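Please open the model in your viewer and keep the sequence panel beside it. The stops below each begin with something to select and then describe what is found there.

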Amino acid sequence: MSQISSQTVTSESAGQTIPDGYKQTDVGIIPVDWEVKKLATMLNESPRYGINAAAVPLIGNLPVYIRITDISIDGYFRPTEKVGVDNPLSDFYKLKKDDLVLARTGASVGKSYLYRESDGELVFAGFLIKVSPNTKILNAEYLSHYLKTDQYWSWIIVNSMRSGQPGVNGNEFGTFQIPVPAIKEQTAIANALSDVDALLNEIDKLIAKKQAIKTATMQQLLTGKTRLPQFAFHPEVADMAAQHNQALPEASATVIAADCKSRTNTSASATIKNNNNNTLAANNKSLQSRRKGTKQSELGEIPEDWEVVSLGDIGQTIIGLTYSPNDVYDCGSLVLRSSNVQNNNLAFENNVFVQMDLPERVIVKEADILICVRNGSRDLIGKCALIDSKTAGSAFGAFMSVYRTLASSFVFYQFQSDVIKNQINEIMGATINQITNKDMASFKIPIPKNNIEQAAIATVLSDMDEEIQALQQRLSKTRQIKQGMMQELLTGKTRLPFDKDTISEASV
């Protein structure tokens with residue numbers, strides 16, 4: 001790569017220093033051999049609106065429907081559940097290679113997706129606008145990357161707020177100006193950024209896989225369907241297990257010694273195998289006979305040494321702080337709110353501070369479980385995080401509650417499981433989105449009577465969380481690296497190797 005030359009000249013019109021070999025344009029400083037073009041001038045056809053049809057269950061040979069909500073913030077087709085579209089005009093709205101769709105309205109206005117044939121046959125919905133680049137002059141992946149830059153999003157903000165409902169129409173998208181090098185350099189830039197995208201996608205898939213494994217593990221360990229080995233058997237089995245571990249080598253040694261002595265026993269290996277198998281079978285039978293059993297409970301079958309308890313029996317729920325806008329300042333006591341809980345972890349990107357007398361009850365302690373109990377979104381009810389030593393001493397707001405118990409590490413994971421989630425859904429029904437203290441106290445969970453087993457289960461799940469968090473941090477750092485690359489490559493500040501002769505011919 002080549003960096004901007006330190007040799008500079010001054011642009012009198014712009015009143016700023018411009019590097020040699022660069023020029024001032026409407027979109028900023030770019031290389032002299034780049035151009036600024038409106039999107040509409042680089043398309044095969046005018047921006048086109050999607051089909052106006054309702055989504056239906058995906059059955060038979062119906063094509064898959066892609067809507068705004070099916071597109072992830074990083075531009076991938078990631079529907080919660082695939083749906084279809086049943087309309088005789090569907091074929092006219094099927095996406096093809098190098099097509100992109102842009103969200104034209106709502107909170108997600110500007111979000112984009114580059115069609116990938118690996119996503120299968122897709123019909124785009126009415127709130128999306130399709131643009132089809134003329135690939136002789138505009139690389140589709142180059143465009144896709146540019147539609148994720150800060151410059152693009154700044155333009156979206158300015159152009160989408162001309163009325164009450166955020167929106168950008170097809171004609172307006174067509175006026176968006178893009179700095180473009182020759183097609184060969186576009187391709188080189190797109191390939192470099194797509195390589196990083198591929199890495200991001202792989203990390204994302206790995207995180208999803210790890211989260212799925214954790215969810216499955218929770219469903220097994222938190223209900224006792226699967227026991228950790230050290231708790232699966234009655235206490236006296238420990239001695240038997242030790243004997244079991246020693247039995248095989250002792251049996252083998254006896255037979256080998258006899259064989260060496262006689263030197264005539266041609267069936268020694270067969271004897272060893274038979275003795276080993278017999279010993280293993282006998283010990284396994286004894287081990288299984290010592291395995292702990294199960295019993296029926298109001299939550300279904302649970303281990304015989306577990307019990308079903310109400311949260312009100314093993315802890316207490318505390319309501320949060322009520323404060324007014326007049327109490328809010330730029331600094332003071334941190335008030336934990338729903339935005340401070342992200343993916344069952346504490347987050348501090350959107351904080352509120354107050355200056356007021358705080359009741360002792362609203363001060364969180366280490367190992368408290370912070371829970372969202374009121375919210376406009378039903379999906380957020382019940383989301384929680386465990387208070388760590390650094391956050392202890394902060395306050396928490398009125399839409400949150402703290403659940404305090406000696407079994408917090410175990411109960412924290414029960415809040416993430418279907419055991420409590422199902423009870424939350426039953427309690428809320430069709431009423432307001434909230435959980436009261438009475439509701440919280442009534443929730444029932446299965447729990448080991450042995451505190452050591454509770455801690456062991458929580459440790460297994462906590463180790464999984466740490467692995468997932470490490471991957472998420474890696475994902476975040478890689479995204480930051482890509483953002484830096486985009487800022488350099490898509491503005492021409494850093495140039496990739498390219499065929500200058502080809503570019504010179506294109507410029508003639």
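Select Asp70 first, in what is a predicted model: this residue is buried, with a relative accessible area of 3%. Add Arg67 to the selection, and you will find its side chain meeting that of Asp70 in a salt bridge, at 3.1 Å from N to O. The two partners sit in unlike surroundings, because Asp70 is buried at a relative accessible area of 3%, while Arg67, at 24% relative accessibility, counts as partly exposed. As a general point, side chains of opposite charge can pair when their charged atoms come close.

Next, select Arg495 and Glu185, whose side chains also meet in a salt bridge, here at 2.7 Å from N to O. This pair links distant parts of the chain, since Arg495 belongs to strand 30 (residues 494–495) and Glu185 to helix 4, 310 residues apart. Is Glu185 buried or exposed? Glu185 is buried, with a relative accessible area of 1%, and Arg495 is buried as well, with a relative accessible area of 10%.

Stay with helix 4 and move to Asp197, which forms a salt bridge with Lys482 through their side chains, at 2.8 Å from N to O. Here too the pair links distant parts of the chain, with Asp197 in helix 4 and Lys482 in helix 11, 285 residues apart. Both Asp197 and Lys482 are buried. Before leaving the charged residues, select Asp74, Arg78, Asp204 and Arg479 together, which are joined into one network by salt bridges that share partners. A search of the whole structure finds 18 salt bridges.

Now select Lys148, in the loop between helix 1 (140–146) and helix 2 (150–160). Which side chain of opposite charge is nearest to Lys148? It is that of Asp197, 5.9 Å away, and Lys148, although buried, has no salt bridge. What the side chain of Lys148 does have is a polar contact of 3.2 Å with the side chain of Ser144. Leaving aside residues up to four places away in sequence, Lys148 touches Asp74, Gly75, Ser112, Trp153, Lys482, Gln483 and Met486. Lys482 in this list is the salt-bridge partner of Asp197, and Asp74 is one of the residues in the network described above.

From the charged residues, turn to the nonpolar interior. Of the 34 residues in the largest nonpolar core, select Leu311, Ile369, Ile371, Val411, Phe415, Met440 and Ile457, which touch the most other members. The elements that give two or more residues to this core are helix 4 (183–221), strand 18 (306–310), strand 25 (369–372), helix 8 (408–414), helix 9 (418–428), strand 29 (444–448) and helix 11 (451–489). Centre the view on Ile371, which touches Gly382, Lys383, Cys384, Phe399, Met400, Ser401, Tyr403, Phe415 and Met440, not counting residues up to four places away in sequence. A second, separate core of 32 residues can be picked out by selecting some of its members, including Leu147, Phe173, Ala190 and Leu490.

Helix 9 deserves a selection of its own. Which residues of helix 9 are buried? They are Val419, Ile420, Gln423, Ile424 and Met428. These residues lie on the same side of helix 9, because they cover an arc of only 150° around the axis. An α-helix has 3.6 residues a turn, so residues three or four places apart point the same way. The buried residues of helix 9 pack against helix 7 (311–314), helix 8, helix 10 (437–442) and strand 29.

Two loop residues come next, each chosen for its backbone. Select Asn343, in the loop between strand 22 (341–342) and strand 23 (345–346), which has a positive phi of about 55° although it is not a glycine. At 61% relative accessibility, Asn343 counts as exposed. Then select Ala367, found in the loop between strand 24 (352–354) and strand 25, where phi is again positive, at about 80°, although Ala367 is not a glycine. Ala367, at 31% relative accessibility, counts as partly exposed.

Finally, zoom out to the whole chain. Its secondary structure comes to 12 helices and 30 strands, and of its 508 residues, 42% count as buried. Among contacts between residues at least 6 apart in sequence, 75% join residues at least 24 apart.

Note on methods:
Residues numbered from 1 in each chain as written. Predicted model: local features only at pLDDT ≥ 70, side-chain atom pairs only at ≥ 80, totals over all residues. Heavy atoms only, no water. Core = buried A, V, L, I, M, F, W, Y, C linked by side-chain atoms within 4.5 Å. Buried < 20%, exposed > 50% of the residue type's maximum accessible area, 1.4 Å probe, protein only. Helix = DSSP H or I, 4+ residues; strand = E, 2+ residues; numbered from the N terminus. Contact = heavy atoms within 4.5 Å. Lys, Arg positive; Asp, Glu negative; His and termini not counted. Salt bridge = Lys/Arg side-chain N within 4 Å of Asp/Glu carboxyl O. Polar contact = N/O pair within 3.5 Å; in protein donor to acceptor, adjacent residues only side chain to side chain. Arc of directions from axis to C-beta.
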